[in-house]
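Student: Please take a close look at one helix pair for me. I would like the packing, the contact and then the setting.

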Amino acid sequence: MSVIELDQDTFQTATEATQPLIIDFWAPWCGPCRQFGPVFEAAAEKHPDVTFAKINTEEQTELASALRIRSIPTLMVFRENVLLFQQAGALAPAQLEDLLQQVKDLDMAKVHAEIAEQEKASATRH
């Protein structure tokens, strides 16, 4: 599967999908971003059940700012509108494979139940 470009108009819809979404925040001038690009592209080819997206922080400054992207590359992983992972810095191919497998193996019903429980607990404290 190819890598898609996300922008402010397409970001929210992409994060709501049931299929895992991994986003690479990058910029054309960033050396580590350019080095990580082929790793990201290769993983996209191996995992058609994951949506791979890129957000150019130079073109999408408002979106990058809203998501508090402070350094690039930064990876974010969403599934069913839940942010599961966020890390600045490029991953080695084996690390990216491990991350993708963990995301695929997650029981999202359990994740949503835990989030609901946390929200309920914080609501009772207020």
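Tutor: Here is the helix pair, followed by the protein around it. This is a predicted model, in which local features need pLDDT of at least 70, side-chain atom pairs count only at pLDDT 80 or more, and totals for chains, interfaces and linings use all residues. Residues are numbered from 1 along each chain as its sequence is written, and side-chain values use heavy atoms, leaving out hydrogens and water.

Two packed helices are described by the angle between their axes and the distance between the axes. Helix α2 covers residues 31-46 and helix α4 residues 93-105. Their axes lie 10 Å apart, at an angle of about 40 degrees. Axes are lines fitted to C-alpha atoms over the stretch in contact, and angles run from 0 to 180 degrees between N-to-C directions. α2 and α4 are therefore oblique to each other; angles under 35 degrees count as roughly parallel, over 145 as roughly antiparallel, 65 to 115 as roughly perpendicular and the rest as oblique. The crossing of α2 and α4 is right-handed, with the near helix turned clockwise from the far one by less than a right angle.

From α2, the contact (heavy atoms within 4.5 Å) uses Phe 36, Val 39, Phe 40, Ala 43 and Lys 46. From α4 come Pro 93, Leu 96, Glu 97 and Leu 100. Seven of the contact residues are nonpolar, none polar and two charged. Here Ala, Val, Leu, Ile, Met, Phe, Trp, Tyr, Cys and Pro count as nonpolar, Asp, Glu, Lys and Arg as charged, and the others, Gly among them, as polar.

Now the setting. The protein has five helices and five strands: DSSP runs of H or I, at least four residues, and of E, at least two, numbered from the N terminus. Their order from the N terminus is β-α-β-α-β-α-β-β-α-α. The C-alpha trace spans about 50 × 30 × 25 Å along its principal axes.
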